[in-house]
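Work through the exercises below with the sequence and the model side by side, and try each task before reading its solution.

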Amino acid sequence: MPQQRSPEPERQRDTSTPPRDKDTPWHAEAVCRRDEAGLFFAPSKEPTAARLSREDAAKRVCAGCPVRVECREHALVQPEPYGVWGGLTAAERRVLLARRRRRTVATAR
């Protein structure tokens, strides 16, 4: 009886991001550059259900972006008042900023 070979282990894909050139701005590598800006920014008078659906779709794009952290930090430092940046909506960024402020105040005491 011939010996069965065990199947070769599945190779894992390299999902790491190569280091970025210091002269290249982070947004040059943003996945959203290939998408319509309308996915990340609300049209005027957008119904709630449509907004939630659009924001969810934008967050899915952000989830696979190699510069999501840089984008999020940019939006927090600026602060960007509109749109989905780094996987967070404007409301989510306001909550995160408030938490950071409270943490800073608490550690300063």
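**Exercise 1. Find what share of the contacts with a separation of 6 or more joins residues 24 or more positions apart, then set this beside the secondary structure of the chain.**

Solution. In this predicted model, residues 24 or more positions apart account for 43% of the contacts in the chain with a separation of 6 or more. Next, list the elements: the chain has three helices and zero strands, which run α-α-α from the N terminus on. Finally, turn to burial and surface: of the 109 residues, 23% are buried, while the chain exposes about 9,000 Å², with carbon and sulfur atoms supplying 53% of that area.

**Exercise 2. Decide whether His27 is buried, partly exposed or exposed, and locate it in the chain.**

Solution. Begin with the position, which is in the segment before α1 (48–63). The relative accessible area of His27 is 38%, so His27 counts as partly exposed, because that class lies between the limits of 20% and 50%. Then look across the fold: His27 and Glu70, although 43 residues apart in sequence, are 8.4 Å apart in space, C-alpha to C-alpha.

**Exercise 3. Describe the largest pocket and its lining.**

Solution. Start with the volume, about 270 Å³. Of the 19 lining residues, those closest to the centre of this pocket are Ala30, Cys32, Phe40, Cys71 and Trp85. Then sort the lining by class, which gives 13 nonpolar, two polar and four charged residues, and note that α1 and α2 (68–77) each supply at least two residues of it.

Definitions and conventions:
Residues numbered from 1 in each chain as written. Predicted model: local features only at pLDDT ≥ 70, side-chain atom pairs only at ≥ 80, totals over all residues. Heavy atoms only, no water. Helix = DSSP H or I, 4+ residues; strand = E, 2+ residues; numbered from the N terminus. Buried < 20%, exposed > 50% of the residue type's maximum accessible area, 1.4 Å probe, protein only. Contact = heavy atoms within 4.5 Å. Areas by Shrake-Rupley, 256 points an atom, 1.4 Å probe, with all protein chains shown as cover. 1 Å grid on protein atoms, 1.4 Å probe; cavity = no way out; pocket = protein on both sides within 12 Å on 5 of 7 lines; lining within 4 Å. Points joined across faces, edges and corners; volume = space filled by probe spheres on them. Nonpolar A, V, L, I, M, F, W, Y, C, P; charged D, E, K, R; others polar.
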